Amino acid sequence: MRFVRLEIRKIMSSYAIWGFIALSFAFNVLLILSKGTDGYSDYIAGVSVETGVYVDKDFNQKLAALTQSDYRERLTWETAGLKDVFNGYNAEEIAEAYIHALHLSGNTAEDMREKYAALQNSVNEKAQRGDSLSLYFAGSTYEQHKKLFGGLMTALCREGVLIAVLTMLLVLGHEHIHRTEQVVYTAKSGRRIVTKKCIAAMLAGFGAYLLLTAFTLALYFALNDYGGVWGSNVSSGFNAIQDIVTGFRPFVTWNSFTVFTYLLATIGISLGIMFCFSLVGFVAGTSIRNSYIAFLAVFIMSILFVAIPMMLPGNTYAMFVFTLTPVWLLLKQPLWFTDGGMDVLWRHFETTGVCLSLALLLLFAVIAFHKFRKKDIL
Amino acid sequence: MLLLNNVTKKYGNFTALKDINLEFTSGVYALLAPNGAGKTTLIKMLTTLIFPTKGEILWNGNEIVKLDSVYRDAIGYLPQEFGYYKNHSPYDFLLYLAALKGIDRAAASRKADELIELVSLSDVRNKKMRKFSGGMIQRVGIAQAMLNNPKILILDEPTAGLDPKERVRFRNLISTLSKDRIVILSTHIVSDIETIANHVIMLKDHKLLCDSSPASICETLAGKVFETADITSVREPHLTLTERQEDGRTITRFACDVNYFGAARSVAPNLEDIFLYVYRDEQTVCREVV
């Protein structure tokens, strides 16, 4: 731990990291302010504390007892006769639409059908629990959900990934920049120090991400009241997913998530993706001495990971495998914990993707470390 | 004992060092060769920064790469380009490197203070190194190399860039530190060696040329070095070594391989003569007259 602490001190003394965190926070502030606040959402957040978030008779009675206002009228109108969208919902139609759109056949078509057959089970469970009768932000749900999970959390996740790569490359390149490689790597700890550097960079990166997330979300929730909405289910009938093949359809998650648990799960997967990118940074940083070139290599590789599947035929496994890579997981952040859309072939793609990527990248990192130990340092 | 057995280092088709056999016991070993002869390659192999393409390096009979941290714990190294953290004080920097050398905090603190005093940096112990002179930085460098009280102290061009006063101070320091350990000193500055080295290792054309005491090496040119105030009178083929002014005259020192019976005075050869003679093809300052 002594080495790790010393390496973390190096990272914390870097103006580049603090500068990046400050810039990211400034960007997030602009993002929050540019979206503005919604009086109706604030009203729902407030009244949901009293009415609860499950739209039933009790909810309607409590809502009716509230002081008359335009917002109350609007909410009454939106929640009146709310139907459970999961009752009779057929997820298999989505599978057929995607199979048709991508011209899938054989095993890929079967896998797509299997995915939506499994989703149908989740839909049935949701129908039993009445998840879709959750209030969330009623008529403002789609916009509010998109604002937080499709805007701010996406930005935070991408910033986290950049922080992960930057801290890793900064700490691995530190000795090269200061010309201290020869002294450091000939000390008793030798080149094994890079494993401590790796741990330090990850801890510092996670810390920086959590710090940035804490400040950003504190500001967001200070301006956007969530009150009783925290307990709403994200698969509320008011929430939706939109894609070019199926248009608007219910926001179906594999498991049941409240807004609060969905936020925590999103942060969890973000940390998982950061972990993946830290390992990518480790492989690049131990293979390429110059941190700037290593960063460029990571950047180019990320672009290639986005571009390659776009050039592959849409009905091959290769294209679908690419969507499990960290770069694609990052791009598909707003759809985490859902079916993921037509370019995802397997259920729980975000968790599967993070686990597989971590396993593979850990292997690459071990290989890179062993190569680094045998490498001539000129 | 540190032993090199048939050590070769290649970079693609380029051979940086070929079939080097050396044995180091305690004392000061000076690696003497012009720039590019392979001194730094040899030093880097001894410090495990690079690995031999062929052959083996043994420390007390064991391969140094296999010994790993056990071997590195026995070495102290001052690289040619000694890098440091500009915003650290010498004390903080030494504490950091002490941690890397596996020294516990209390012992590291004591050792850092002791070495800072030894290298006369007590006045600036807690000052940031940003504004330190080259000599001060080199002293920090020697202090860090001594942190683990190494059995092998490896110094790559330690006096390069130092002013004469600093250089003398540094040589004295190395002399002090050379008791009961192997000191390997790489340099192309001959005057550094004459005063402190027990052994001189010379490399030429990426091969070992000689490994002997300074006196034995000088002996190889005995009877071949002369001085004259009139070099134009020397008709025999000779190699001009140095020139100096004395009583308003230019005294030329030269080496002559053939029997010379002229008026020039025979003098005892020194290491500088050997250096200029051996590396005459590589030194632009040497003029060979045939």
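Why is helix α4 of chain B largely enclosed by the rest of the structure? In this predicted model, α4 of chain B spans residues 90-100, and nine of its 11 residues are buried, so the helix is largely enclosed by what surrounds it. A residue is taken as buried if 20 or more other C-beta atoms lie within 10 Å of its own. The buried residues of α4(B) are B:P90, B:Y91, B:F93, B:L94, B:Y96, B:L97, B:A98, B:A99 and B:L100.

The surroundings of this helix come from both chains. From chain A, the buried residues of α4(B) pack against α1 (2-12), α9 (181-185) and α10 (193-223). From chain B, α5 (105-118) and α6 (134-146) pack against them as well. After α4(B) comes B:G102, which has a positive phi, near 75°.

The helix also takes part in the contact between the chains. That contact draws 24 residues from chain B and 20 residues from chain A. On the chain B side, α3 (69-72), β6 (75-78) and α4 each supply at least two residues. The largest share, four residues, is that of α4(B). By class, the side of chain B that touches chain A divides into 12 nonpolar, seven polar and five charged residues. For the complex, the predictor gives an ipTM of 0.87 and a pTM of 0.88.

Next comes the division of chain B into domains. Domain 1 of chain B covers 2-218 and domain 2 covers 220-289. The C-alpha centres of these two domains of chain B are 33 Å apart. Their contact takes 12 residues from domain 1 of chain B and 12 residues from domain 2 of chain B. On the domain 1 side, α8 (190-196), β9 (199-204) and α9 (214-219) of chain B each contribute at least two residues. This side of domain 1 of chain B has 10 nonpolar, no polar and two charged residues.

The last point is confidence along the chain. The average pLDDT of chain B is 88, and 97% of the residues score at least 70. Over residues 283-290 of chain B, pLDDT stays under 50. For that stretch of chain B the model has 13 contacts beyond four places in sequence. Where pLDDT is low, predicted coordinates should not be read in detail.

Methods:
Residues numbered from 1 in each chain as written. Chains lettered and ligands numbered in written order. Predicted model: local features only at pLDDT ≥ 70, side-chain atom pairs only at ≥ 80, totals over all residues. Domains from an automatic or database assignment. Contact = placed C-beta atoms within 7 Å. Nonpolar A, V, L, I, M, F, W, Y, C, P; charged D, E, K, R; others polar. pLDDT = per-residue confidence, 0-100. Buried ≥ 20, exposed ≤ 12 C-beta atoms within 10 Å, placed from the backbone.
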